[in-house]
Amino acid sequence: MKKECSSNTVVLKEKEYPCTVSLTMDLIGGKWKAVILYHLIQGSKRFNELRKEIPSVTEMTLSLQLKQLENDGLLKRTVYGDKPPIRVTYELTDMGKSVIPVLNAITNWGNEVVSSYGRFV
């Protein structure tokens, strides 16, 4: 029997999921989480750097998604300084780095779909 099907639920940080696919989609699913993680693969970035690299996301949405990714343990938020202007950076945690192969697979699949059925503009 598959590991993810050996019980009725799986638990991460006291939250129950019906399967590991559900857990994964909660952590990286949605329109922006995987995109944000992808842009942090090369290293830490500040909020405005992410905004420039992902121009179609609103500031509010980016802020909320960063907080969720941090709360889920995929991102580390580091604050430098205690007086304005403070500097804040975001980077992948070890758990966040473990999703890099998944993000690369998603990217490669997306490239294949566009090459076969769409076009790059």
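Here is a short question-and-answer session about the protein chain shown above.

Reader: What kind of model is this, and how are its residues numbered?
Author: This is a predicted model, where local features need pLDDT of at least 70, side-chain atom pairs count only at pLDDT 80 or more, and totals for chains, interfaces and linings use all residues. Side-chain values use heavy atoms, with hydrogens and water left out, and residues are numbered from 1 along each chain as its sequence is written.

Reader: How many helices and strands are there, and in what order do the elements run?
Author: Helices (H or I, at least four residues) and strands (E, at least two) are DSSP runs, numbered from the N terminus. On that basis the protein chain has 6 helices and 5 strands. Starting at the N terminus, the order is β-β-α-α-β-α-α-β-β-α-α.

Reader: Which strands make up the open sheet, and in what order?
Author: Two strands pair if DSSP finds at least two bridges between them. E3 and E5 (residues 87-92) share 2 bridges in the antiparallel sense, while E4 and E5 are joined by 6 bridges, also antiparallel. The edge strands, each pairing on one side only, are E3 (45-46) and E4 (75-80). The open sheet thus has 3 strands, in the order E3-E5-E4.

Reader: Which residue of E5 stands opposite arginine 77?
Author: Let's look along E5. Threonine 89 there stands opposite arginine 46, and the bridge partner of lysine 45 in E5 is tyrosine 90. The residue opposite arginine 77 is tyrosine 90.

Reader: Where is the cis peptide bond?
Author: Head for the hairpin of E4 and E5, which has 6 residues between the strands and a glycine 81 in the turn with a positive phi of about 90 degrees. Proline 85 is found in the loop between E4 and E5. With omega at about 0 degrees, the cis bond joins proline 84 and proline 85.

Reader: Which residues have the most contacts inside the largest nonpolar core?
Author: A nonpolar core is a set of buried Ala, Val, Leu, Ile, Met, Phe, Trp, Tyr and Cys residues joined through side-chain atoms within 4.5 Å; buried means under 20% relative accessible area, exposed over 50%, partly exposed in between (1.4 Å probe, protein chains only). H1 (20-28), H2 (33-39), H3 (47-53), H4 (59-71), E5 and H6 (100-117) each supply at least two residues of this core. The core has 25 residues, and those with the most contacts inside it are Ile36, Leu37, Leu40, Leu62, Leu66, Leu75 and Tyr90.

Reader: Which residues is leucine 66 in contact with, leaving aside its neighbours within four places in sequence?
Author: Contact means heavy atoms within 4.5 Å. Leucine 66 is one of the residues with the most contacts inside the core. With those sequence neighbours left aside, its contacts are Ile36, Phe47, Leu50, Leu75 and Tyr90.

Reader: Is lysine 13 buried or exposed?
Author: Lysine 13 is found in the loop between E1 (10-12) and E2 (15-17). Its phi is positive, about 50 degrees, although it is not a glycine. Because its relative accessibility is 54%, lysine 13 counts as exposed.

Reader: And what is the relative accessibility of glutamate 14?
Author: Glutamate 14 also has its place in the loop between E1 and E2. Its phi is positive too, near 65 degrees, in a residue other than glycine. Glutamate 14 counts as exposed because its relative accessibility is 75%.
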